[in-house]
Amino acid sequence: MRALHIITGLGVGGAEQQLRTLLRHLPADCDVVTLTNPGPVADGLTRDGVRVTHLGMAGNRDPRALPRLVRLIRRGRYDLVHTHLYRACLYGRIAARLAGVRAVVATEHSLGETQIEGRRLSPGVRSLYLAGERLGRATIAVSDSVADRLGRWGVPPQRVHVVPNGVDIAHFAYDAGARAASRRQLGLPSDAFVVGGVGRLVPGKRFDVLVQALTVLPDDVRLLLVGAGPEEARLRDAARRSGVLDRVVFAGERPYAATGTPGSEPGGSALSALPALPALMSAMDILAAPSADEAFGLAVVEALAAGLPVLYVTCPAVDDLPPGTDTLATRLPDDPVSFAHATLRAREAPPGSRAPSRTALHYSITNSAAAHMRVYAAAMGGSTPSSTPRASI
């Protein structure tokens with residue numbers, strides 16, 4: 001099978017990293033087109049042996065992009081086109097149909113209750129989304145929560161297939177050496193209790209809750225924020241005004257380690273000068289995720305794969321599991337006091353084994369890749385899978 005994956009950009013983000021992880025495990029011949037911003041993930045895909053083409057799209061309304069994409073799809077003689085993220089789903093579905101490819105699959109990575117990829121869910125955004133969705137054969141929802149939202153929008157249930165994101169469990173396994181090295185590089189004391197936050201620094205992630213919680217926590221508690229975005233300056237200012245800036249580390253965007261020394265991405269880029277995400281998770285003692293609107297919660301599952309206890313507000317990957325499922329994740333109200341109290345309890349608890357939780361083991365990338373192939377086979381045959389993959393233990 002020859003498949004083309006079309007994505008809006010390939011900077012360091014959850015959907016982008018998920019695409020790279022997936023392509024390492026899909027038994028298919030895959031190429032990738034990025035509409036904008038090739039970024040570090042494009043470099044990683046190239047090192048993995050995946051051909052990446054940058055379409056050079058100038059903006060949301062670049063009329064030259066569509067015919068270029070149509071020509072590229074025709075030249076590639078692809079059996080299937082798979083689109084990722086809002087802009088790529090719209091342009092990619094149209095281009096695939098114009099190029100004569102009928103097996104078109106899209107993944108909905110980031111549909112929340114009130115926003116999609118940071119866009120407010122206005123009637124116009126919803127109408128445009130639904131118009132594009134009809135041009136494909138299947139839409140993959142990364143969680144039951146996303147599937148339910150699509151259903152409420154009017155997407156026919158037979159077109160929606162739940163395939164949860166997958167995590168390379170071994171890749172995130174706890175590494176004591178990476179923990180020590182990462183702490184030295186970031187200036188974190190070896191005996192500090194480190195609270196981690198992972199994600200884009202945007203208002204919806206609500207990392208300001210963690211900065212406020214830090215103000216009432218003991219001095220040995222540090223906050224490690226992994227990600228970049230427009231809220232960084234505001235978060236720094238809030239930490240400075242609260243007197244805790246010296247206890248907050250802004251690590252910036254971090255790639256996934258692939259090969260080479262623990263915690264470093266090969267290739268010598270500036271982004272690989274500091275530890276990669278799995279090494280930073282080894283450096284943490286707990287992960288905190290205060291976002292109240294998530295489509296899946298990939299960082300939470302990655303933390304669970306690293307054996308970290310997790311404090312969260314909303315995480316469909318955990319919330320959609322059957323009641324009573326054993327997990328290291330604790331749901332909290334979305335306020336600083338709750339996060340501070342829960343952090344103190346975790347700080348005082350005996351150290352855990354740092355083995356992956358059962359929740360993380362369920363979300364193995366091998367399970368996700370196999371479910372993708374079932375959806376692909378159905379899309380190419382013009383049918384639907386005999387059973388919709390659902391998150392379960």
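**Entry 1: overall form**

I began with burial, and of the 393 residues of the protein I find that 58% count as buried. I note here that what I am reading is a predicted model, so every value below is computed from its coordinates. For the secondary structure I looked up the totals, and the protein has 15 helices and 15 strands. I then turned to the radius of gyration, which is 21 Å and close to the 21 Å that the globule rule gives for 393 residues, so I record the protein as being as compact as a globular protein of that length. The C-alpha trace, taken along its principal axes, spans about 60 × 45 × 35 Å.

**Entry 2: surface and contacts**

I looked up the exposed surface next, and the protein exposes about 15900 Å², of which carbon and sulfur atoms supply 52%. For the contacts I took those with a separation of 6 or more, and residues 24 or more positions apart account for 68% of them.

**Entry 3: H1 against H15**

At what angle do helix H1 and helix H15 pack? I find about 80° between H1, residues 14-23, and H15, residues 365-381, with their axes 10 Å apart. Since angles from 65 to 115 degrees count as roughly perpendicular, that makes H1 roughly perpendicular to H15. I listed the residues that make the contact, which on the H1 side are Gln18, Thr21 and Leu22, and on the H15 side Ile365, Ser368, Ala369 and His372. Sorted by class, the contact of H1 with H15 has 3 nonpolar and 4 polar residues, and no charged residues.

**Entry 4: two positive phi values**

I went on to the backbone torsions, keeping in mind that most residues other than glycine have a negative phi. Leu85 has a phi near 80°, a positive value in a residue other than glycine. I located Leu85 in the loop that runs between strand E4 (80-84) and helix H4 (86-98). Is Leu85 buried or exposed? Its relative accessible area is 9%, and because buried means under 20%, I enter Leu85 as buried.

Arg354 is not a glycine either, yet its phi is positive, at about 65°. I found Arg354 in the loop between helix H13 (336-348) and helix H14 (358-362). With a relative accessible area of 14%, Arg354 is under the 20% cut-off and is therefore entered as buried.

Methods:
Residues numbered from 1 in each chain as written. Predicted model: local features only at pLDDT ≥ 70, side-chain atom pairs only at ≥ 80, totals over all residues. Heavy atoms only, no water. Axes fitted to C-alpha atoms, helices over the stretch in contact; angles between N-to-C directions. Helix = DSSP H or I, 4+ residues; strand = E, 2+ residues; numbered from the N terminus. Parallel < 35°, antiparallel > 145°, perpendicular 65-115°, else oblique. Contact = heavy atoms within 4.5 Å. Nonpolar A, V, L, I, M, F, W, Y, C, P; charged D, E, K, R; others polar. Rg over C-alpha atoms; globule rule 2.2 N^0.38 Å. Buried < 20%, exposed > 50% of the residue type's maximum accessible area, 1.4 Å probe, protein only. Areas by Shrake-Rupley, 256 points an atom, 1.4 Å probe, with all protein chains shown as cover.
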